[in-house]
Number of protein chains: 2
Amino acid sequence: MSGIKDIAKKTGLSLATISRVLNNSTLVSEKTKSIVLNAAQALDYQPNLTAAALRSGKSKIIGIIVPEINNPFFSSIINGIEQYVGKNGYSIIIAQSHESKKKERHAIQSFVKLNVDGILVSISKESNDFSFLDKLKQEKIPIVFFDRKPQIDNIKEVVFDDYYGAFMATEHLIQQGGNHLIHIAGDLNLSLYKDRKRGFQAAMERYQKSYAENHVLELKKNSAQDTQILKDHIQKNNVDSIFVNGDEDCIYVLNIIKSLGYKIPRDIRLVGFGNLSISTLVQPPISTIDQRAEDMGMVAAKTILQSLDEKQPTSFKEVLSPKLLIRESSKVISS
Amino acid sequence: MSGIKDIAKKTGLSLATISRVLNNSTLVSEKTKSIVLNAAQALDYQPNLTAAALRSGKSKIIGIIVPEINNPFFSSIINGIEQYVGKNGYSIIIAQSHESKKKERHAIQSFVKLNVDGILVSISKESNDFSFLDKLKQEKIPIVFFDRKPQIDNIKEVVFDDYYGAFMATEHLIQQGGNHLIHIAGDLNLSLYKDRKRGFQAAMERYQKSYAENHVLELKKNSAQDTQILKDHIQKNNVDSIFVNGDEDCIYVLNIIKSLGYKIPRDIRLVGFGNLSISTLVQPPISTIDQRAEDMGMVAAKTILQSLDEKQPTSFKEVLSPKLLIRESSKVISS
DNA sequence: TTGTACGCGTTATCAT
DNA sequence: ATGATAACGCGTACAA
């Protein structure tokens, strides 16, 4: 392995010329160009990106912060990001916040110290202080939020239309004959779960189903308790349809419902959210809202790369639209 | 944000002294030390890791290559790695091989150019040329293989005892009264799937069950075909127990078997491999071999960090031992 | 104990 | 079109 110095030595040309061939490629004769490239090949030239980063200020590295990397939704997004930026010669560096705003801040600090060219982040549930945005602006490091974002202006964000996705899911349940619907909500500290709840409510009102706050439940993540709560609710209100905030919770609910002796979809119909691969592995396969995680990753990646050569930071918002996937869990059995 | 130059200016001390306080910390008086640290705090000092990396040759970055990041097993391993190295001040950079040896080589190249301090890799199914090891040795970049590794000597590896895990799974099925067992194999290009197959065979022989090559099936990943194959096999050979190479395939098989009208575990008992979170979400929950993905990540991380200050490369092998998790899918129903 | 000065491998500016 | 040289920010051998 060798550097430009070695090529200079071998060809008798100057460092500057070598560098020019390897970068701009302009202002240099075709002849010397090929000489340099041949020598580079022969010597197995490998640029030292650290040195280039120090000198140029561009590290060709994009930092990513997610709550948990081993969460199928986030790892699929990361997959999308990696593929897109990788194709463009960038590497990704990853940190996890584990839903802690302290760790999130720490990760951003690290990224700044590493001179990343841009940052992609899906914020933690705790996050409420976004003063780090000023610092990043000073350092001229663009940042793009994906999926989970702060509720403030003048940011770049790639999000999913959670509101409309929830609306579609609920509407579908109603069109399948549902009259008594409930919604199992996610963590309402996150705006996206609030949006899903709002979408549920909107569809209920649109179709003139009675809606009250007690049509929205939050799980305790304690099987015995949740079973009891669901049982009471279903019996008291004749629940026939449930829209659940996410596929994982949906499968959890599915199993509880089955254990209570109800048949799905005959007695109760279910729709989840996210289209995780597990959603087709259970019986019955669950209907869900496809959240196109990889697409989100790609769009976020594209957005951050475009931001790199912006002189003035602009705001940006892309909303990915939902797609309803109808599977067994919500199909009315035609007699 | 500022660098050591700013601190030097503010304190009137030399760059060297500042650097010493911030690094070695030795050979400097307590008084100036505190002066420097105070100034650093006041000025919001952030070391430029790129510059430090160029000068010292240590980037504080560990490169990771996995086939697919959105594979729960690998993302859990990465989680383990990230947590361990993060605690030690290292960052992780990730690339995917997508089972292509070309992309794998490319990723290694990139990592070398980025001056990563060490590399962790789980090789692709295609990989058969490991000449890059020489290059890394030259560059003094340690490499540790995890889970999937080349079958050569003098490497560092953190693997799982696939052979014994498969043996335990098979033994368990036999102890539950199984007499006619089959094994659904994974990609036999990978040594770990070969080991699982060998473990199955060994247990069969140990317990004097008739074993032949046709007791090992490979799936076509085509639902209609696989259904037919399984149906034939089960009927012809009175199959009562199936050991599947991994949890995902196991759930796939589970659904086929259920669709054929067999009851699990009454008619057929199943054991998977991996203990993915989905294994508890299906009905019945599937018994499996816990592969302790996070532990594997942590051990691999520990191993690579220890390798960093080795003068002479040594070989190393850690084998994580399996744990059988018995769930409904393999429980004999006591009458 | 502290300061001076050089070098890490590039890129960029200014000459030629 | 090409070359000489400074600079990026830090670490360290050497001098004081």
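Student: Before we start, what counts as being near a strand here?

Tutor: This is a predicted model, by the way. A residue is near a strand if one of its heavy atoms lies within 4 Å of it. So the cut-off to keep in mind is 4 Å.

Student: With that in hand, which residues come nearest to DNA strand C?

Tutor: There are 25 residues around DNA strand C. Both protein chains, A and B, appear among the nearest of them. The names are Arg55(A), Thr17(B), Arg20(B), Thr32(B) and Arg55(B).

Student: And what does Arg55(B) reach on DNA strand C, and at what distance?

Tutor: Look at its side chain, where a polar atom faces a base nitrogen of DNA strand C. Compare Thr17(B), with a polar side-chain atom 2.7 Å from a phosphate oxygen, and Asn23(A), with one 3.0 Å from a phosphate oxygen. For Arg55(B), then, the partner is a base nitrogen, at 3.0 Å.

Student: Which elements of chain B give two or more residues to the surface near DNA strand C?

Tutor: Chain A gives α1 (4–11), α2 and α4 to that list. Chain B adds its own part, namely α2 and α4.

Student: Over to DNA strand D: which side chain has a polar atom 2.3 Å from a base nitrogen?

Tutor: Arg55(A) has a side-chain N or O atom 2.9 Å from a base nitrogen of DNA strand D, so that isn't the one by the distance you gave. Ser19(B) goes to a phosphate oxygen instead, at 3.0 Å. The 2.3 Å contact with a base nitrogen belongs to Arg55(B).

Student: Of the DNA strand D atoms within 4 Å of the protein, what percentage belongs to sugar or phosphate?

Tutor: Those atoms split between sugar or phosphate on one side and bases on the other. For DNA strand C, the sugar or phosphate part is 60%. For DNA strand D it's 55%.

Student: How many charged residues does the surface near DNA strand D have?

Tutor: Take the classes in turn: eleven residues are nonpolar and nine are polar. That leaves the charged class, which has four.

Student: Away from the DNA, which residue of β4(B) stands opposite Ile119(B)?

Tutor: Ile119(B) sits in strand β3 (residues 118–121) of chain B, is buried, and points the other way from Gly118(B) and Leu120(B). On one side of the pairing, Gly63(B) stands opposite Ile119(B). β3(B) also pairs with strand β4 (residues 143–146) of chain B in the parallel sense over three bridges. There, the residue opposite Ile119(B) is Ile143(B).

Definitions and conventions
Residues are numbered from 1 along each chain as its sequence is written. Chains are lettered from A and ligands numbered from 1 in the order in which they are written. This is a predicted model: local features need pLDDT of at least 70, side-chain atom pairs count only at pLDDT 80 or more; totals for chains, interfaces and linings use all residues. Side-chain values use heavy atoms; hydrogens and water are left out. A polar contact is a pair of N or O atoms within 3.5 Å; within protein, one must be able to donate a hydrogen and the other to accept it, and residues adjacent in sequence count only if both atoms are side-chain atoms. Ala, Val, Leu, Ile, Met, Phe, Trp, Tyr, Cys and Pro count as nonpolar, Asp, Glu, Lys and Arg as charged, and the others, Gly among them, as polar. Buried means under 20% relative accessible area, exposed over 50%, partly exposed in between (1.4 Å probe, protein chains only). Helices (H or I, at least four residues) and strands (E, at least two) are DSSP runs, numbered from the N terminus. Two strands pair if DSSP finds at least two bridges between them.
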